[in-house]
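Subject: Structure handover, with notes on internal cavities

Dear colleague,

I am passing on the structure below, and I would be grateful if you could read the notes that follow with it open beside you.

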Amino acid sequence: MNPTPSRERICLLTGGGYPYRRDALGGWCRTLVEGLRRFHFELLTVTDRELPSAPAYPLPFNVGSAHAAALGRDPARAERRRGPVPDGAAGAAALLCRGLLGDETPVTALFADGLRRIAGLCPPGADTDPLAPLPLTDALQEAWRDRQTAADEPLPRLSVRDARTAATLLRHALRALAVPIPEVELVHCVGGTTPLLAALAGHWRDGTPLLLTEARAAVPRQRPAEERLSPSVRTVLRRFRTAVARTGYTEAELIAPLSTYHHGWALDHGAPPARLVPVPAGVDPREYPGAAEIAETPTVVWAGSGGPDSGLALVLEAFTEVAAAVPGVVLHLVGVTAAHEEHCAEQIERTGLGRAIRLHPLPADPRDRYTVGQVVAHVPGPADPPYRLVEAMMSGRAVVGVDIGPSGETLGDTGILVPPGDPSELAIAIVGLLRSPGRRRALGDAARQRALGHFTVDRVVRVYGALYTDLAAPPPATAFELALTVPAPRNPTPATVRWLTRETS
């Protein structure tokens, strides 16, 4: 029986993912949208990459629109088009930079205040760049000098050139504040810094409730293209991402971490405990029914985008040792996106093992992703949620995982964990399972049972349906209170948290 349709409209806001990219987080979003058919979704992705031409996933009937907003490809152009500084822009930039370089809660509040003021200078959908005159270079230099004087541990040297580079990159990131948000009852932000900036601006402009799904890595990651930047510029970017995350935790009505690991990350960065509702990742058992081993050849599977930041390099390095120990072994790389096929092929060629490696785009049928192999190597990128790990477990395959992020708590004792950054340990574990059919099948069966008990999509849909209902429902009717001699007891805990506590206790 179909649930009663809801009038609530939800803006699902991502950073270049669903519905335009087939990645781990995109698969999680698709599960959510297709499972919550009673809500109307407006899909918005904000990216600094090239705009996608069309959605990669078919859109269900409860999706009203799907839009992608690009931040632009030439952030230096804004620096060359400086005009008069608007009223309040200098003060906003000063607050942002002072809060950016501080560590304490009051200083973080300065950053949030500055960010909010800058958002006020960014009319949504403006044709011109309102942030071009923002004096971020001067504000950053002044805040840096003040911090160097007061700090116990001095910051790296910030040259004038570094300050200009950092200001240009910040100004480019802040363009997300001008992205218009659809008129909805709730914004659900999934992803990192860029979509969260757009969500915060919409929250401040319209007062729309904000739900934040936390799936980021333990440390705001340094992107591969940032390795050539100076230490001071990398410091600015790292602190900026941390400050945006802290601001999001302060402003969001509820935060839904994907694991205990992500729950701890959010707490460490200022998330109020009463607003945290952990909701583990889940997949549909019907899509991953499990199957007996069909390959006679020793076969390893890795799932990932194949990009520079996807864990591919460690997998290929480990597979070189596996191939030396197990004659005839084959590696299947599944889920490689079209944008990274060339990079993936180049990395394979460098190994000299091209004949032993099969490169696959994401199969249309998820049953084929993991069952083609005997062992799954779970080596995620730094920003990948545990979604692919749950898929592999549900498929009934033995998993060798790298012990980073939520891998340990997700896998439990149903697989093998190896230290991060050690291809030899990864190779040893894989070879051990390839040589022990009974052990790997027992681990695969145990992994599937664990996934069935803890990581099914029905729980994800049920909990998020309650979150949406609690946050997007219209406010209660006005009521009059009587002044009593003895006040009635009250429970300030949000309704969703009470509901979830009863459900999981």
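In what follows, Ala, Val, Leu, Ile, Met, Phe, Trp, Tyr, Cys and Pro count as nonpolar, Asp, Glu, Lys and Arg as charged, and the others, Gly among them, as polar. Please keep in mind that this is a predicted model.

By that grouping, the lining of the second largest cavity divides into eight nonpolar residues, with no polar and no charged ones. The residues concerned are Val300, Val315, Ala318, Phe319, Val322, Leu331, Ala377 and Ile430, and helix H10 (residues 312–325) supplies the largest share of them, namely four. The space in this second largest cavity comes to about 50 Å³.

The structure holds two cavities of 30 Å³ or more, and the largest of them has a volume of about 90 Å³. Its lining consists of Ala24, Trp302, Ala303, Tyr370, Val376, Ala377, His378, Val379, Pro380, Asp384, Pro385 and Arg388. Two elements, strand S7 (299–303) and strand S10 (375–378), each give two or more residues to this lining, and the largest share, three residues, comes from S10. By class, the lining of the largest cavity has nine nonpolar residues, one polar residue and two charged residues.

One residue is worth locating in your viewer: Ala377 appears in the lining of the largest cavity and also in that of the second largest.

With best regards

How values were computed: Residues numbered from 1 in each chain as written. Predicted model: local features only at pLDDT ≥ 70, side-chain atom pairs only at ≥ 80, totals over all residues. Heavy atoms only, no water. 1 Å grid on protein atoms, 1.4 Å probe; cavity = no way out; pocket = protein on both sides within 12 Å on 5 of 7 lines; lining within 4 Å. Points joined across faces, edges and corners; volume = space filled by probe spheres on them.
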